[in-house]
Amino acid sequence: DLARDVDKISVYARISPEHKVRIVNAWRNNGHIVAMTGDGVNDAPALKNADIGAAMGIVGTEVAKEAADLILTDDNFATIVSAVGEGRRIYDNILKTIQFLLSCNVGEIITLFVATMLNWDSPLLPVHILWVNLVTDSLPALGLGVDPPVANIMERKAKVTKSVFTKPMVAEIVYQGIMIGGLTLAGFIYGKQYSIEVGRTMAFCVLAFSQLVHAYNVRSDADSLFSRAIGKNIYLLGAVAASAVLMFGVLLIPPLESIFELVDLTMQQWGVVAILCATPVVIVEIVKFFTRIYLRNHKEA
C-alpha cells in the first residue's frame, strides 16, 4: 500500500527511523532517485539508504554526517540544488574529457592501422604522435575539465549508471575516432601525390588541428556548437589558442621544422588542410541535429 500511494502522501507524523527507511525504499521501488535530508541520529538509516543523503552541517549530529553523502555547511536546503548542479557539471566534464581523449586516440590508431594494413608509408612519425599527445590532446582536455554547465543541466532526469562507457558514449567515441582518422588519411593521400614529406606534413596538420576543433564538438552531445546553451569557456579558448601557437611554431620555425621532418606547404595545400580540419564540425553538427530530433520525439512519446 505504501509503495502504491507514496507519491500521494506529502506529510508524515510520529514516524520512527525504520519508517523513514520504508518511505525512501518505496520511492526508490517506483523508479525514482531519492534524496534524504536530516540532522539527527534517527535520520541516519534513511540517509544511508537514500541515493543521496544530505546532512545538516551546523545542527546535524556526527552520526548523521557520517551516514550522509553530502553535508550542508550552511544548513540551507537551496544549497542542495546548487550541489547537485555542480556534481552534474563535474560528471559531464569528466565524460567530455574522456570522449575527447579517446576519440582522438582512436583517430590516431585508425590512421596508422589503415596505413599499415594497406602497406603504405607511415603517415605519421613517432615524434608527430608524441607531439600531438603532449600538446593538442592535453591542453584542450584541461580546458574541458572546467567547462561551465549547459543551460538545461537541472531540467534533465536523474540517472544512475554503473559505467561511464554507455552505448551512446562508445558509439560517439568510435564514429568520431573514425572521422578524425579518415580525415588525417585524406590529407596524407592528397599530399603524397607531391611527396611523402608533404603527405606527412599535411597528415600531421590535419590530425592536430582537427583535434583542436573537435574539442568544441564534445562540449555537448546534442546542443549545437553555436548554441548559447553551452555557454563560453575562456579556459578552453586559451588552451586551444596555446596549442595552435605551438603547432605553428613547429611548422614555421626552420630548426623545429627540421627536427619534425616537416616541409613548407603551398597556399593550395593549406586550403585543403583547412577544409579537412573544419569537416569535423560539419559532421558532428549533422549528428547532433538528428540527435535533437530523436530526443524531442522520444520526449513527446
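This report describes a predicted model, taking the sheet, two pockets and several single residues in turn.

**The sheet**

The model contains an open sheet of 3 strands, arranged in the order β1-β2-β3 with parallel pairing. Its edges are β1, residues 35-38, and β3, residues 70-72, and each of these pairs on one side only. On average, neighbouring strands of the sheet are turned by 25° against each other, direction ignored.

Strand β2 covers residues 52-56 and runs parallel to β1, to which it is joined by 4 bridges. Within this pairing, Met-36 has Gly-53 of β2 as its bridge partner. Thr-37 stands opposite Ala-54, and Gly-38 has Ala-55 as its bridge partner in β2.

In a regular strand the side chains alternate between the two faces of the sheet. The two faces of β1 can be listed separately: Met-36 and Gly-38 belong to the covered face, while Ala-35 and Thr-37 belong to the uncovered one. For β2, 4 of the 5 residues are buried, so this strand is largely enclosed by the rest of the structure.

**The two pockets**

The table sets out the volumes of the two pockets and the make-up of their linings.

| Pocket | Volume | Nonpolar lining | Polar lining | Charged lining |
|---|---|---|---|---|
| Largest | about 1600 Å³ | 14 residues | 9 residues | 14 residues |
| Second largest | about 590 Å³ | 11 residues | 2 residues | 7 residues |

The largest pocket has a volume of about 1600 Å³. It is lined by 37 residues, and those closest to its centre are Arg-156, Lys-159, Asp-221, Ala-222 and Leu-295. Three elements give two or more residues to this lining: α5 (78-117), α7 (167-192) and α11 (267-300). Of the elements, α11 gives the most to the lining of the largest pocket, with 9 residues.

The second largest pocket is lined by 20 residues. Nearest its centre lie Ile-52, Val-84, Arg-88, Ala-158 and Lys-159. Helix α5 supplies the largest share of this lining, with 7 residues. Lys-159 is thus named for both pockets, among the residues closest to the centre of the largest and among those nearest the centre of the second largest. Ile-52 is named for the second largest pocket, and residue 52 also falls within strand β2, which spans 52-56.

**A buried glutamine in α5**

Helix α5 also holds Gln-99. The relative accessibility of Gln-99 is 3%, and this residue counts as buried because the cut-off for that class is under 20%. The side chain of Gln-99 takes part in polar contacts with two other side chains. One, at 3.3 Å, is with the side chain of Glu-172. Another, at 3.0 Å, joins Gln-99 to the side chain of Gln-176.

**A buried alanine in α4**

Ala-64 is part of helix α4, which spans residues 62-67. With a relative accessibility of 0%, Ala-64 counts as buried. Ala-64 and Pro-45 are 19 residues apart along the chain, and their C-alpha atoms are separated by 8.6 Å.

**Two loop residues with positive phi**

Most residues other than glycine have a negative phi. Where does the model place residues that depart from this pattern? Arg-14, with phi near 55°, has a positive value in a residue other than glycine. Arg-14 is found in the loop between α1 (2-5) and α2 (17-29). The relative accessible area of Arg-14 is 86%, so this residue is classed as exposed, a class that begins over 50%.

Asn-119 is also a residue other than glycine with a positive phi, in this case near 60°. The loop that holds Asn-119 runs between α5 and α6 (126-144). Asn-119 is exposed as well, with a relative accessible area of 70%.

Technical notes:
Residues are numbered from 1 along each chain as its sequence is written. This is a predicted model: local features need pLDDT of at least 70, side-chain atom pairs count only at pLDDT 80 or more; totals for chains, interfaces and linings use all residues. Side-chain values use heavy atoms; hydrogens and water are left out. Two strands pair if DSSP finds at least two bridges between them. Axes are lines fitted to C-alpha atoms, for helices over the stretch in contact, and angles run from 0 to 180 degrees between N-to-C directions. On a 1 Å grid over the protein atoms alone, a cavity is a set of points where a 1.4 Å probe fits but cannot get out, and a pocket is an open set with protein on both sides within 12 Å along at least five of seven lines; lining residues have an atom within 4 Å of a point. Grid points are joined across faces, edges and corners, and a volume is the space filled by probe spheres set on the points. Ala, Val, Leu, Ile, Met, Phe, Trp, Tyr, Cys and Pro count as nonpolar, Asp, Glu, Lys and Arg as charged, and the others, Gly among them, as polar. Buried means under 20% relative accessible area, exposed over 50%, partly exposed in between (1.4 Å probe, protein chains only). A polar contact is a pair of N or O atoms within 3.5 Å; within protein, one must be able to donate a hydrogen and the other to accept it, and residues adjacent in sequence count only if both atoms are side-chain atoms.
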